[in-house]
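Work through the exercises below with the sequence and the structure at hand. Try each task before reading its solution.

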Amino acid sequence: MINRRILKNMLALHKLWLGGSKEGQRANLTGCDLSGLVLAGENLSGAILTNAKLANAALLDCDLSHCVLDGADLSDANLGGTSLMKASAIGARFYDTNLVRVNLSGAVCRKTEMVAADLTGVKAS
């Protein structure tokens with residue numbers, strides 16, 4: 001599990017990066033264990049979450065557009081209302097995941113496993 005202080009700092013730097021600040025830095029959470037964390041409403045657009053463990057995470061209404069979620073485990077996560085527009089989720093696992101009202105427009109989901117995921121109201125094009 002990632003240290004909460006380190007995560008908070010990474011998210012603050014990512015926010016600066018999103019705003020175009022030279023002091024900012026794109027969040028790279030490759031392989032990090034974020035299981036069970038509450039990240040509801042966070043703007044993680046463009047973050048790198050390759051092989052991250054997000055099982056049971058609360059990601060309601062997050063902006064995960066343009067994220068790299070390749071190989072990530074989002075089992076039992078709550079992504080209701082989240083934007084995954086143009087995200088890459090190649091080989092990601094969404095077992096029993098709440099994907100209600102998720103925007104998957106332009107997302108790359110090859111070899112993605114969505115077993116027993118709730119896809120009610122999903123937008124995909």
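**Exercise 1.** Is T82 buried or exposed? Decide this for the predicted model shown here, then describe the surroundings of T82.

Solution. Start with the accessible area. The relative accessible area of T82 is 1%. Buried means under 20%, so T82 is buried.

Next, place T82 in the chain. Helix α1 covers residues 4-18, and T82 lies in the segment after α1.

Then look at the polar atoms. The T82 side chain reaches the backbone nitrogen of D61 at 3.4 Å. A polar atom of the T82 side chain also lies 2.9 Å from the backbone oxygen of L79.

Last, list the contacts, not counting residues up to four places away in sequence. T82 touches L59, L60, D61, C62, L64, R101, V102 and N103.

**Exercise 2.** Which residues does N103 touch, not counting those up to four places away in sequence? State also whether N103 is buried or exposed.

Solution. N103, too, is found in the segment after α1. With those sequence neighbours left out, N103 touches T82, S83, L84, M85 and K123. The relative accessibility of N103 is 15%, so N103 counts as buried.

**Exercise 3.** Which residues of the largest nonpolar core touch the most other members? Give the contacts of L34 as well.

Solution. The largest nonpolar core has 34 residues. Within this core, L34, L74 and L79 touch the most other members. A general tendency fits here: in soluble globular proteins, nonpolar side chains tend to be buried together.

Now take L34. Apart from neighbours within four places in sequence, L34 is in contact with M1, I2, L7, L29, L49, K53, L54 and A57.

The name L79 has come up before. The backbone oxygen of L79 is the atom that lies 2.9 Å from a polar atom of the T82 side chain.

**Exercise 4.** How many disulfides does a search of the whole structure find? Check the result against C62 and C67.

Solution. The search finds zero disulfides. For C62, the nearest cysteine sulfur is that of C67, 9.0 Å away. A disulfide needs two cysteine sulfur atoms within 2.5 Å, so C62 is in no disulfide. Seen from the other side, the nearest cysteine sulfur to C67 is that of C62, and C67 is in no disulfide either.

Then turn to accessibility. C62 has a relative accessible area of 3% and is buried. C67 is at 1% and also counts as buried.

**Exercise 5.** How far apart are A27 and D118 in sequence and in space? Describe A27 too.

Solution. In sequence, A27 and D118 are 91 residues apart. In space, the distance is 28 Å, C-alpha to C-alpha.

A27 lies in the segment after α1. The relative accessible area of A27 is 1%, so A27 is buried. Leaving aside neighbours within four places in sequence, A27 is in contact with H14, A47 and I48.

**Exercise 6.** What is the phi of K86, and what is the phi of A116? For each residue, decide whether it is buried or exposed.

Solution. K86 is not a glycine, yet has a positive phi of about 55°. A116 is also a residue other than glycine, and the phi of A116 is positive, near 60°.

The cut-off for exposed is over 50%. K86 has 53% relative accessibility, so K86 counts as exposed. A116 has a relative accessible area of 57%, so A116 is exposed too. As for place in the chain, K86 is found in the segment after α1, and A116 lies in that segment as well.

Technical notes
Residues are numbered from 1 along each chain as its sequence is written. This is a predicted model: local features need pLDDT of at least 70, side-chain atom pairs count only at pLDDT 80 or more; totals for chains, interfaces and linings use all residues. Side-chain values use heavy atoms; hydrogens and water are left out. Helices (H or I, at least four residues) and strands (E, at least two) are DSSP runs, numbered from the N terminus. Buried means under 20% relative accessible area, exposed over 50%, partly exposed in between (1.4 Å probe, protein chains only). A polar contact is a pair of N or O atoms within 3.5 Å; within protein, one must be able to donate a hydrogen and the other to accept it, and residues adjacent in sequence count only if both atoms are side-chain atoms. Contact means heavy atoms within 4.5 Å. A nonpolar core is a set of buried Ala, Val, Leu, Ile, Met, Phe, Trp, Tyr and Cys residues joined through side-chain atoms within 4.5 Å.
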